[in-house]
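Here is a short tour of one protein model. It goes from strands to cores to cavities.

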Amino acid sequence: MGLFDEKTQQLSVLVCMAFVWMSLFTVRTAVELMLGVALVASLIWYYYYAKPPPRLTRFELPVVRRHEKGVTAPSTEPVRIFLGSWNMGDALAGENMSEYLKVEDCDLVVLGVQECALSGVSSAECEAKWLRVVEQECLGPSYHRLDVISVRDSIRLVAYAHRDLTPRVHSVYSRAMILELPVFRRKGAVAIAFSVGATTFAFLNCHLSAHQKQRLRRNADVYQILEDMRSLSGLRAAGFAHQDYSFLMGDMNYRIDLSNAEVNTLISEQRWTDLQTADQLLVSHRAGELLANFQHPLPHFPPTFKVHKVKKQSLSSRGPNPYNKQRIPAWCDRFCVRSAGLPLDLVDFSSSPYPDSSDHIPVRAIYDAEALRVVPASTIQPYFYLSFQSLEYRLNSGRRGLFQLRVHSPVLTYWQASTVPVSSPTNAPQIDCSPLQDLQTVRLSLAVLRTQQVFITAYEFDTSTNAQAIAGLSSISLSSLKLRGKSMFDVRLSFAGLYTGTLSGVLSLNCSSSAQQQQQQPSRRAQLSESLSSSYSRLSSSGARSE
């Protein structure tokens with residue numbers, strides 16, 4: 001904003017014009033004429049040189065809003081997310097689907113199903129029937145479909161946004177992949193990703209290898225899926241697992257390593273914590289074997305597999321003992337979530353007794369997240385410069401060769417990644433930072449900059465074969481940065497869900513010289529205001545004396 005509001009500026013012009021007219025026709029003293037000329041020159045200088053630059057119409061970065069006290073801060077909006085996962089057992093949902101999809105007050109609804117197929121019905125027709133049940137009988141016209149994708153004619157994922165949120169959703173992408181093993185099984189994964197304002201969301205639905213003793217095979221499935229989903233088009237180079245929010249769901253088929261009798265006893269006593277200690281997914285995660293940096297909501301409800309199919313076995317209900325005696329009950333249907341430093345709160349994680357047409361019980365989860373809005377940027381906001389110093393890395397592989405660092409962030413360029421390579425021999429952990437120039441941000445306020453993060457991709461080069469491979473990925477939060485200050489960081493690198501090493505160093509923040517001049521501009525305007533006020537008061541007093 002300028003020094004004066006519009007009405008004050010208009011009044012100043014009128015006063016100046018009146019004084020000049022009086023001076024020209026009365027010419028009482030030479031001093032009054034000189035002061036009048038000086039006042040006119042000062043106003044002309046203010047309008048043409050000291051006035052703030054006009055606002056741009058393009059969109060550059062997340063919002064800045066003014067609070068009642070005039071303090072600028074980033075503007076975020078809450079986003080409530082409903083996640084649903086269900087192995088349908090090659091049968092339609094049937095009745096009571098609305099008992100499962102309780103999506104009140106949810107902004108995003110993402111549903112993943114497995115074994116969604118019907119005998120004698122094409123995949124496209126089966127998908128249409130499933131979507132018709134979801135949209136017409138459960139969601140209604142308040143939700144708009146963003147995308148739907150299927151693979152192996154049975155693994156499907158669909159994403160919806162509430163009509164109030166839909167205008168801020170953009171850049172929707174999807175990808176499907178098939179697991180190499182087992183060859184003749186319907187295993188694979190599908191993913192949908194999009195942005196809400198300046199925040200990226202990625203969702204993945206998978207169906208992993210089955211059977212009690214295949215824990216390591218399932219771990220390998222997760223690694224293969226996350227490695228393939230790095231190619232999820234349109235998003236950051238890191239792929240699915242390194243967005244602002246990443247949600248993995250599906251029939252992951254992880255079992256409980258206890259006997260059938262032990263599991264049923266613990267279920268009857270509702271000793272969920274004892275069951276969780278033997279849960280294969282949690283055991284693998286604690287051992288660092290998969291899904292690094294992901295969180296797993298703990299189930300505090302009975303296992304969801306393997307139960308009786310009510311309609312197929314002509315049962316009115318599953319009864320007090322719903323499990324198939326030939327299988328050990330397990331929490332096969334799971335959710336795994338990751339936030340790159342943004343708020344993410346679990347509201348609900350539960351199972352639903354309906355629909356009951358499958359040998360899996362459907363599960364659901366509700367999360368509260370935040371999305372940054374986007375508003376027109378202003379040229380009065382400064383450029384900032386990020387610089388890395390004292391970088392050190394340690395890779396678990398211990399391999400030798402060359403190391404390259406790529407840095408990208410939404411604050412460096414709008415919607416796309418800016419990469420800057422830094423190479424160093426891996427026989428020493430220190431990185432020569434001299435090739436890494438200061439990274440310039442787009443115009444934004446310091447408050448908005450502190451809500452962002454910098455994404456790091458580390459590469460290894462094999463000098464003998466001249467091949468390049470990703471050594472690990474990570475992100476560095478900018479929340480603790482201070483202007484013309486330094487902030488130390490120490491982050492863990494991961495790739496395809498496995499920890500691969502660490503990266504530490506110092507990140508400093510500086511402001512552009514032009515921005516510093518702009519920050520000093522208000523003080524010069526204040527001096528001008530004082531001079532104009534004193535001149536006007538002297539003119540008024542001299543006019544009163546002459547009368």
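Ten bridges tie strand 4 to strand 14 (residues 363–372), and the two run antiparallel. One pair shows the match: proline 78 has glutamate 370 in strand 14 as its bridge partner. The model is predicted.

Strand 4 also pairs with strand 5 (residues 108–114). Here the sense is parallel, over seven bridges. Asparagine 87 stands opposite glutamine 114 of strand 5.

Is strand 4 mostly covered or mostly open? Strand 4 spans residues 76–87, and nine of its twelve residues are buried, so by the cut-off of under 20% relative accessible area it is mostly covered.

Another pairing joins strand 11 (residues 245–251) to strand 12. These strands run antiparallel and share seven bridges. Within this pairing, leucine 248 has cysteine 336 of strand 12 as its bridge partner. Strand 12 covers residues 333–339, and six of its seven residues are buried, so the rest of the structure largely encloses it.

The strand pairings can be set side by side.

| Strands | Sense | Bridges |
|---|---|---|
| Strand 4 and strand 14 | antiparallel | ten bridges |
| Strand 4 and strand 5 | parallel | seven bridges |
| Strand 11 and strand 12 | antiparallel | seven bridges |

Next come the cores. In soluble globular proteins, nonpolar side chains tend to be buried together. The largest nonpolar core in this model holds 48 residues. Ile81, Leu83, Leu108, Phe194, Phe201, Phe203 and Phe247 touch the most other members. Strand 14 gives the most to this core, with five residues. Apart from this core lies another, of 29 residues. Among its members are Cys206, Leu226, Leu232 and Cys336.

What does phenylalanine 247 contact, leaving aside neighbours within four places in sequence? Its partners include Ile81, Leu83, Phe201 and Phe203. Also on the list are Ala202, Leu204, Phe240, Val337, Leu344 and Tyr367. Phenylalanine 247 is in contact with Cys336 too, and Cys336 belongs to the core of 29 residues.

Last come the enclosed spaces. How many cavities of 30 Å³ or more are there? The count comes to four. The largest cavity has about 70 Å³ of space. Twelve residues line the largest cavity. Leu226, Arg230, Ala241, His242 and Ala496 lie nearest its centre. The lining divides into eight nonpolar, three polar and one charged residue. Leu226 links two parts of this account: it lines the largest cavity and is a member of the core of 29 residues.

Methods. Residues numbered from 1 in each chain as written. Predicted model: local features only at pLDDT ≥ 70, side-chain atom pairs only at ≥ 80, totals over all residues. Heavy atoms only, no water. Buried < 20%, exposed > 50% of the residue type's maximum accessible area, 1.4 Å probe, protein only. Helix = DSSP H or I, 4+ residues; strand = E, 2+ residues; numbered from the N terminus. Pairing = 2+ DSSP bridges. 1 Å grid on protein atoms, 1.4 Å probe; cavity = no way out; pocket = protein on both sides within 12 Å on 5 of 7 lines; lining within 4 Å. Points joined across faces, edges and corners; volume = space filled by probe spheres on them. Nonpolar A, V, L, I, M, F, W, Y, C, P; charged D, E, K, R; others polar. Core = buried A, V, L, I, M, F, W, Y, C linked by side-chain atoms within 4.5 Å. Contact = heavy atoms within 4.5 Å.
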